[in-house]
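Here is a short, friendly report on a few local features worth a look. Please keep the sequence and the 3D view at hand as you read.

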Amino acid sequence: MSSEIDSRLVLLADEDNCLVAAQRVSAGEIVVIDGDEVALTETIGLGHKIARGALNGGTTILKYGAPIGRLNTDVAKGQHLHVHNLESAYTPTWTTDNVAGFFEGDRS
């Protein structure tokens with residue numbers, strides 16, 4: 001496996017299985033991940049993560065060499081990793097779909 005990584009992506013630690021976008025990369029653009037050209041299927045925002053390789057559901061995602069979450073579905077190389085397919089290992093995962101549950105009890 002080649003270690004060539006697209007300059008728009010950052011590998012924070014050698015053991016990481018995700019890459020971080022150093023800039024916004026639009027859907028359809030080609031990025032290089034470990035020497036392979038991959039067409040992005042989604043736009044990846046600045047600071048967002050993508051899969052470094054094809055990963056199975058249940059896989060622990062490593063960033064900075066530390067576990068940050070676990071996949072709840074299989075993902076392809078270059079696929080966006082975020083709350084829709086990644087459960088946080090250190091904080092509850094909240095989205096606008098369940099934000100009401102974030103505020104428990106009376107806040108008056």
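Two strands pair if DSSP finds at least two bridges between them. Bear in mind that this is a predicted model.

**A hairpin and its turn**

Let us begin with strand β3 (residues 30-33) and strand β4 (residues 36-39), which run antiparallel and are joined by 4 bridges. Within this pair, I33 stands opposite D36 in β4. β3 and β4 form a hairpin, with 2 residues between them. D34 is in the turn of that hairpin and has a positive phi of about 50°.

**Two residues with positive phi**

D34 is not a glycine, yet its phi is positive. Y64, also a residue other than glycine, has a positive phi too. The table sets out both residues.

| Residue | Phi | Loop | Relative accessibility |
|---|---|---|---|
| D34 | near 50° | between β3 and β4 | 4% |
| Y64 | near 60° | between β6 (60-63) and β7 (66-71) | 59% |

Are these residues buried or exposed? D34 counts as buried because its relative accessibility is 4%, under the 20% cut-off. Y64 counts as exposed because its relative accessibility is 59%, over the 50% cut-off.

**A buried lysine**

Now turn to strand β5 (residues 49-51), where K49 lies. K49 is buried yet has no salt bridge. Which side chain of opposite charge is nearest to K49? That is D16, 11 Å away. Leaving aside neighbours within four places in sequence, K49 is in contact with C18, L19, V20, K63, I68, Q79, H80, L81 and L86.

Notes: Residues numbered from 1 in each chain as written. Predicted model: local features only at pLDDT ≥ 70, side-chain atom pairs only at ≥ 80, totals over all residues. Heavy atoms only, no water. Buried < 20%, exposed > 50% of the residue type's maximum accessible area, 1.4 Å probe, protein only. Lys, Arg positive; Asp, Glu negative; His and termini not counted. Salt bridge = Lys/Arg side-chain N within 4 Å of Asp/Glu carboxyl O. Contact = heavy atoms within 4.5 Å.
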